[in-house]
Amino acid sequence: MRVGLTGGIATGKSTVSAYLKQQDIPVIDADLVARQVIEPTGLAYPEVKAAFPTAFIDGQLVRSKLGDIIFHDNEKRLLLNKLMHPKIREQMLELADQYEQSGHSLIVFDIPLLLEGDWKQLVDQVVVVYCNASLQKERLMERNQLSAEEAQARIDSQLDIEQKKRLADHVLSNEGKREALYQQIDTWLKSVQDKQRNL
């Protein structure tokens, strides 16, 4: 079974990911794969280098240069996504196949923008890590040392957390203590394992 794990910025998705890894559940991190595919040996490297030659120095991508290019130019940002997304997807699916072949029955895709993009068809179930918007903002301000306006701007760049909650197959509420979150994860894992046994 392939599960998509997502949430809003600062809702606690990384905490859930870390806990799942401790339980020996493979977690494939889309952000990490996105970095790997533009390494010199990565799947997207030749195309990205050809499209954005000024973002490379001595064959290595300089992220800040690439950021400067796409930040001010929507067409270039769309082009980068068009080059990167199929390769990210290809590598994630390849990793999932490898985990399944080595005997894992549950694979988790950690995808921050799972519901904003067209990733949903890759997974059998969507799990959203949730906290209410005011707590989300408070945590983000504290974690990243941001003003209220800066935090809100980052939150607004993603799909609203209430909307994500409605689109989820399962919701992990992260508004209390960490132990309470872990208990919810355990309960969810048990339900997934029971379902797999009954298939």
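This dialogue explains how to read several features of a predicted protein model.

Visitor: Which elements of secondary structure does the protein chain contain, and how many of each?

Guide: As this is a predicted model, every statement here concerns computed coordinates. The protein chain has nine helices and seven strands.

Visitor: What does the radius of gyration say about the overall form of the protein chain?

Guide: The general idea is to set the value beside that of a compact globule. For 199 residues such a globule would have a radius of gyration near 16 Å, and the 18 Å of the protein chain agrees with this. Along the principal axes, the C-alpha atoms fill a box of roughly 50 × 45 × 25 Å.

Visitor: What share of the residues is buried, and what does the protein chain expose?

Guide: A residue is called buried when its relative accessible area is under 20%. By this criterion, 40% of the 199 residues are buried. The protein chain exposes about 11,200 Å², and carbon and sulfur atoms supply 49% of that area.

Visitor: How far apart are the mean positions of the positive and negative charges?

Guide: There are 25 positive and 29 negative charges in the protein chain, and their mean positions are 1 Å apart.

Visitor: What share of the contacts joins residues 24 or more positions apart?

Guide: Among contacts with a separation of 6 or more, 72% are between residues 24 or more positions apart.

Visitor: How should one read a single helix, and which residues of helix α1 are buried?

Guide: An α-helix has 3.6 residues a turn, so residues three or four places apart point the same way. In helix α1, which spans residues 13–22, the buried residues are Lys13, Thr15, Val16, Ser17, Tyr19 and Leu20. Their cover includes the strands β1 (2–7), β2 (27–29), β5 (107–110), β6 (125–130) and β7 (170–173), together with helix α9 (178–198).

Visitor: What follows helix α1, and is that residue buried or exposed?

Guide: Helix α1 is followed by Asp24, which has a positive phi near 65°. Asp24 is not a glycine, and its place is the loop between α1 and β2. With 57% relative accessibility, Asp24 counts as exposed. A further residue with a positive phi is Asp58, at about 50°, and Asp58 is likewise not a glycine. Asp58 lies in the loop between β3 and β4 (60–61) and is exposed, with a relative accessible area of 77%.

Visitor: How is a pair of aromatic rings described, and how many aromatic pairs does the whole structure hold?

Guide: A pair of aromatic rings is described by the distance of the centres and the angle of the planes. A search of the whole structure finds two aromatic pairs. In one of them, the ring centres of Tyr19 and Tyr182 are 4.2 Å apart and the planes stand at 10°, so this pair is stacked. Because Tyr19 belongs to helix α1 and Tyr182 to helix α9, the pair ties together parts that are 163 residues apart in sequence. Tyr19 counts as buried at 10% relative accessibility, whereas Tyr182, at 21%, counts as partly exposed.

Visitor: What is the arrangement of the rings of Tyr45 and Phe56?

Guide: Their centres are 5.6 Å apart and their planes are at 85°, so the pair of Tyr45 and Phe56 is edge-to-face. Tyr45 lies in helix α3 (residues 45–51) and Phe56 in strand β3 (residues 56–57), so the pair ties together parts eleven residues apart in sequence. Both Tyr45 and Phe56 are buried.

Visitor: Where does Ala10 lie, and which residues does Ala10 contact?

Guide: To read the surroundings of a residue, one sets aside its sequence neighbours and lists the others in contact. Ala10 is found in the loop between β1 and α1 and is buried, with a relative accessible area of 13%. Apart from neighbours within four places in sequence, Ala10 is in contact with Cys131, Gln136, Arg139, Leu140 and Arg143.

Visitor: Where is Asn174, and what does Asn174 touch?

Guide: Asn174 is in the loop between β7 and α9 and is buried, with a relative accessible area of 9%. Not counting residues up to four places away in sequence, Asn174 touches several residues, among them Thr11, Gly12, Cys131 and Arg139.

Visitor: Is Leu114 buried or exposed?

Guide: Leu114 is buried, with a relative accessible area of 0%, and lies in the loop between β5 and β6. Beyond neighbours within four places in sequence, the contacts of Leu114 are Gly4, Thr6, Trp119, Lys120 and Val126. The C-alpha atoms of Leu114 and Val126 are separated by 8.6 Å.

Definitions and conventions. Residues are numbered from 1 along each chain as its sequence is written. This is a predicted model: local features need pLDDT of at least 70, side-chain atom pairs count only at pLDDT 80 or more; totals for chains, interfaces and linings use all residues. Side-chain values use heavy atoms; hydrogens and water are left out. Helices (H or I, at least four residues) and strands (E, at least two) are DSSP runs, numbered from the N terminus. The radius of gyration is taken over C-alpha atoms; the globule rule is 2.2 Å times the number of residues to the power 0.38. Buried means under 20% relative accessible area, exposed over 50%, partly exposed in between (1.4 Å probe, protein chains only). Contact means heavy atoms within 4.5 Å. Accessible areas come from the Shrake-Rupley method with a 1.4 Å probe; for residues, only the protein chains shown count as cover. Lys and Arg count as positive and Asp and Glu as negative; His and the chain ends are not counted. The place of a charge is taken as NZ of Lys, CZ of Arg, CG of Asp or CD of Glu. Rings of Phe, Tyr and Trp (its six-membered ring) pair if their centres lie within 6.5 Å; planes under 30 degrees apart count as stacked, over 60 as edge-to-face and the rest as tilted.
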